[in-house]
Amino acid sequence: MGNVGFDFFKREIFMGPLRWRKQWVSDEPFEAAGVFDVDGDGVLDIVSGGYWYKGPDFRIKKQIYEPKRYGEYYDDFSSISLDINGDGYLDFVSGGFWSKSMRWFENPGKTDKPWAIHESEGEIKGLETTRAWDIDGDGIIEIVPNSVASQEIFIYKLVTDKDRKGTGKFERIVLHTLAEGESQGHGFGCGDIAGNGRMDLLFSKGWLECPASPWKDKWIWHNDWPDKISPALSCPAIIADINGDGKGEIIVGNAHGYGLDWWEQKIEGGKRTWIKHPIDPFNAQFHDLQWLDIDGDGKPELVTGKRHRAHCGAEPGEWDDYGIYYYKWTGEGFAKQVITYGSLNEAKGCGIYFEVKDLNGDGLPEIIAPGKDGLYIFWNEGPSPQPTPWC
């Protein structure tokens with residue numbers, strides 16, 4: 001029996017799912033939230049809709065502006081931080097479906113001046129949201145709008161001075177014009193599909209291959225993307241080498257119905273094909289997806305959840321219980337871990353633009369979740385140690 005006691009103390013300890021602590025921040029129903037240092041004090045703050053919330057406890061609330069409201073929606077569908085005018089303070093970019101424009105909000109810094117609002121050049125038809133990707137690899141993000149009804153595919157590039165500081169201006173660059181009668185459609189993504197290390201752009205009916213010189217050379221349109229891959233592509237879809245085969249796979253959420261899938265890329269005889277693998281077919285409204293290391297193991301996880309009342313309760317799955325989840329790649333598929341799940345006022349959704357950032361510097365990122373159901377933080381308290389079960 002002596003060996004039994006010895007074995008007991010030798011039991012292996014493995015790490016279980018992450019633990020989370022939920023914090024209410026505000027009841028405002030804005031659907032976008034960004035995280036950055038607003039006032040330059042070295043502490044991260046939260047910007048959501050018309051307000052910013054001062055870190056580290058996010059109890060002090062300060063108004064930025066008054067967003068226009070249209071029924072259940074506010075005309076505010078992203079919160080992308082960037083020092084646009086080069087003054088050392090982070091501004092932010094948003095966009096509105098109804099205003100049909102990308103807007104940037106000028107941070108007044110330590111002055112008492114109001115935040116100035118600047119509108120982009122050109123109308124954006126059916127602006128679903130905006131995202132930021134460093135397409136040319138120069139270390140400065142470009143702003144990419146999902147202009148659902150637009151025949152043109154275009155980006156906004158920050159104009160910088162000789163010191164690479166922002167000048168307060170953006171250049172609108174058209175990358176490609178679709179065929180007559182076609183449009184971008186709902187949803188988009190950015191990443192290496194072609195396998196050459198460049199930042200390609202994905203849309204609901206095809207993808208644009210990035211050339212060696214993104215702003216001078218011609219982008220190539222590919223329509224080898226399966227028809228109706230998703231009725232409403234998520235914003236964004238994720239492009240990443242999921243299975244380690246050296247090719248970019250694509251993770252797609254159905255933003256306005258049921259389903260979350262990953263599509264495996266195959267190239268045979270020079271022809272590209274896609275194989276569908278379900279991740280979570282039983283939940284709905286996967287509008288915003290993020291791919292990053294949330295548990296500190298050095299490998300990315302898929303973080304997403306339901307956008308509460310995406311179309312005001314009028315679509316499949318909108319009245320189901322809902323939540324926020326992360327999915328770990330096992331080498332064969334995705335294992336689902338629940339962060340929050342339940343009915344309204346018990347659980348939480350994640351809006352149209354949520355953030356995952358380390359708010360307290362412990363190396364584990366938090367989830368900052370806005371939405372029509374309010375603004376909350378889910379504090380990442382790390383995994384709980386779990387002893388291996390007896391054999």
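User: Which residues have the most contacts inside the largest nonpolar core?

Analyst: Start with the general idea: in soluble globular proteins, nonpolar side chains tend to be buried together. Now for this structure, which is a predicted model. Its largest nonpolar core has 19 residues, and those with the most contacts inside it are Ile84, Val93, Met102, Ile143, Tyr156 and Phe170.

User: Which element gives the most to this core?

Analyst: That's β14, with three residues. The elements giving two or more residues are β8 (80-82), β10 (101-106) and β14 (152-160).

User: What is phenylalanine 170 in contact with, if I skip its neighbours within four places in sequence?

Analyst: Try clicking on phenylalanine 170 and looking around. Its contacts include Ile84, Val93, Met102, Ile143 and Tyr156. Leu82, Trp104, Lys157, Leu158 and Val159 are also in contact with phenylalanine 170. Apart from the largest core lies another one, of 16 residues, with Ile153, Ile173, Leu201 and Leu208 among them.

User: Okay, sheets next. In what order do the strands of the four-strand open sheet come?

Analyst: The general idea goes like this: strands of a sheet pair through backbone hydrogen bonds, either parallel or antiparallel. Here the order is β20-β21-β22-β23, and the pairing is antiparallel. β20 and β23 (271-278) stand at the edges with a single partner strand each, so one side of each has no neighbour in the sheet. On average, neighbouring strands are turned by 25° against each other, ignoring direction.

User: How many bridges join β22 and β23?

Analyst: Eight, with β22 covering residues 260-268. To see a facing pair, look for tryptophan 263, which stands opposite lysine 276 in β23.

User: How many disulfides are there?

Analyst: Zero, after a search of the whole structure. The way to read this is to check the distance between cysteine sulfurs, which have to be within 2.5 Å to count.

User: Why does cysteine 210 have no bond to cysteine 190?

Analyst: Because their sulfurs are 8.0 Å apart, too far for a bond, and cysteine 190 holds the closest cysteine sulfur. Cysteine 350 is also too far from a partner: its closest cysteine sulfur, in cysteine 235, is 12 Å away.

User: Are those two, cysteine 210 and cysteine 350, buried or exposed?

Analyst: Cysteine 210 is buried at 2% relative accessibility, and cysteine 350 is buried at 0%.

User: Last one: where does serine 234 lie?

Analyst: Look in the loop between β19 (220-222) and β20 (238-240). Serine 234 counts as buried, because its relative accessibility is 0%. Beyond four places away in sequence, serine 234 touches residues including Gly187, Phe188, Ile251, Phe286 and His287.

Key:
Residues are numbered from 1 along each chain as its sequence is written. This is a predicted model: local features need pLDDT of at least 70, side-chain atom pairs count only at pLDDT 80 or more; totals for chains, interfaces and linings use all residues. Side-chain values use heavy atoms; hydrogens and water are left out. Buried means under 20% relative accessible area, exposed over 50%, partly exposed in between (1.4 Å probe, protein chains only). Contact means heavy atoms within 4.5 Å. A nonpolar core is a set of buried Ala, Val, Leu, Ile, Met, Phe, Trp, Tyr and Cys residues joined through side-chain atoms within 4.5 Å. Two strands pair if DSSP finds at least two bridges between them. Axes are lines fitted to C-alpha atoms, for helices over the stretch in contact, and angles run from 0 to 180 degrees between N-to-C directions.
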